[in-house]
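Colleague: Hey, I'm opening this one for the first time. Can you walk me through it?

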Amino acid sequence: MIDKQLIAVGKIIRCVGIKGAVKIHPYASLPKRFSLLTKVFLGETPQTAEQYEIREVELRGAYVVVTFSNIPTRNDAEKIVGKYIFVNELQRVSLQQNEWFIDDILGCEVFVRSVSVGVVRDVITLPAQDVWVVHQGGKEVLVPAVRAFIESVDVKNKIIVLRPPEGLIQFDE
């Protein structure tokens, strides 16, 4: 039985070549971390993920190209495009202070001046910084995840406290 405490570390975005390689959008700030992995889980959710063995990893700028042992052709690779790559808790790398995994941020309730303003439903990874997509009622508010706006992040209790500059982020309080 597969441990279903899996963490998404990337998403397969397209095939590369004819020998089963795929291009991955890594969720980690250091794509070279993929070079340390020998086995991962692929699936649309952690509950449906299946284990695959990595045969080869090639770093290409901000992306990673991976070849799996049991995916020898492009036709086979096309079947896994769009799936997420998961690792288990033991494969997770250690983070520095004030760094968080995307799945730790998702679902956090966001507070500004002690008022709940919404829940983080998505994280957009950009070259300069991540952007947290906070759902507030029926609308989305985009919050740049920069240290200057973050007072605290408590991933255990799923609470984020922000101190955005006046007028930069418009929440309905």
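Modeller: Sure, here's a quick tour, starting with the overall layout and ending with a few single residues.

Colleague: What kind of model is it?

Modeller: It's a predicted model.

Colleague: Okay. How many helices and strands does the protein chain have?

Modeller: The protein chain has two helices and 12 strands. Reading from the N terminus, the order is β-β-β-β-β-α-β-α-β-β-β-β-β-β.

Colleague: And what box do the C-alpha atoms fill?

Modeller: Along the principal axes, the C-alpha atoms take up a box of roughly 55 × 30 × 30 Å.

Colleague: What share of the residues is buried?

Modeller: The chain has 173 residues, and 39% of them count as buried.

Colleague: Switching to pockets. What's the volume of the second largest pocket?

Modeller: About 240 Å³ for the second largest pocket. Its lining is made of 13 residues, and the ones nearest the centre are Ala8, Tyr27, Tyr84, Ile102 and Leu106.

Colleague: Which elements give two or more residues to that lining?

Modeller: Strand 1 (6-16), strand 6 (84-88), helix 2 (102-105) and strand 8 (115-125) each give two or more residues to the lining of the second largest pocket.

Colleague: Which one gives the most?

Modeller: Strand 8 does, with four residues in the lining of that pocket.

Colleague: And how does the lining divide into nonpolar, polar and charged?

Modeller: For the second largest pocket, nine lining residues are nonpolar, two are polar and two are charged.

Colleague: Now salt bridges. How many does a search of the whole structure find?

Modeller: Three salt bridges turn up in the whole structure. In general, side chains of opposite charge can pair when their charged atoms come close.

Colleague: Which side chains meet at 3.0 Å?

Modeller: Those of Glu58 and Arg60, in a salt bridge with an N to O distance of 3.0 Å. Glu58 is partly exposed, at 34% relative accessible area, and Arg60 is partly exposed too, at 40%.

Colleague: What about Arg74, who does its side chain meet?

Modeller: The side chain of Arg74 meets that of Glu78 in a salt bridge, 3.5 Å from N to O. Both residues sit in helix 1 (residues 74-78), four residues apart, which is about one turn of the helix.

Colleague: Buried or exposed, those two?

Modeller: In between: Arg74 has a relative accessible area of 32%, so it's partly exposed. Glu78 is also partly exposed, at 43% relative accessibility.

Colleague: And the salt bridge at 4.0 Å, which side chains are in that?

Modeller: Lys79 and Asp76, with 4.0 Å from N to O. Lys79 counts as exposed because its relative accessible area is 61%, whereas Asp76 is partly exposed at 26%.

Colleague: Back to Arg74 for a second. How far apart are Ile18 and Arg74 in sequence and in space?

Modeller: Ile18 and Arg74 are 56 residues apart in sequence, and their C-alpha atoms are 4.7 Å apart in space. Ile18 is in the loop between strand 1 and strand 2 (21-26), and it is exposed, with a relative accessible area of 71%.

Colleague: Got a pair with a wider separation to look at?

Modeller: Try Gln97 and Ile124: they're 27 residues apart along the chain, and 21 Å separates their C-alpha atoms. Gln97 belongs to the loop between strand 6 and helix 2. At 70% relative accessibility, Gln97 counts as exposed.

Colleague: Ile124, okay. Which residues form a nonpolar patch with it on the surface?

Modeller: Leu126 and Leu142 join Ile124 in that surface patch, and together the three have about 240 Å² of accessible area. Leu142 is part of strand 10 (residues 139-144) and is partly exposed, at 47% relative accessibility.

Colleague: Last topic, backbone angles. What is phi of Arg113?

Modeller: Near 50°, which is a positive value in a residue other than glycine. Most residues other than glycine have a negative phi. Arg113 is in the loop between strand 7 (109-112) and strand 8.

Colleague: And Lys158, what's the phi there?

Modeller: Phi of Lys158 is near 60°, again positive in a residue other than glycine. Lys158 lies in the loop between strand 11 (150-154) and strand 12 (159-162). With a relative accessible area of 28%, Lys158 is partly exposed.

Conventions:
Residues numbered from 1 in each chain as written. Predicted model: local features only at pLDDT ≥ 70, side-chain atom pairs only at ≥ 80, totals over all residues. Heavy atoms only, no water. 1 Å grid on protein atoms, 1.4 Å probe; cavity = no way out; pocket = protein on both sides within 12 Å on 5 of 7 lines; lining within 4 Å. Points joined across faces, edges and corners; volume = space filled by probe spheres on them. Nonpolar A, V, L, I, M, F, W, Y, C, P; charged D, E, K, R; others polar. Patch = residues over 30% accessible without salt bridge, like charges linked within 9 Å, V, L, I, M, F, W, Y side chains within 5 Å. Areas by Shrake-Rupley, 256 points an atom, 1.4 Å probe, with all protein chains shown as cover. Buried < 20%, exposed > 50% of the residue type's maximum accessible area, 1.4 Å probe, protein only.
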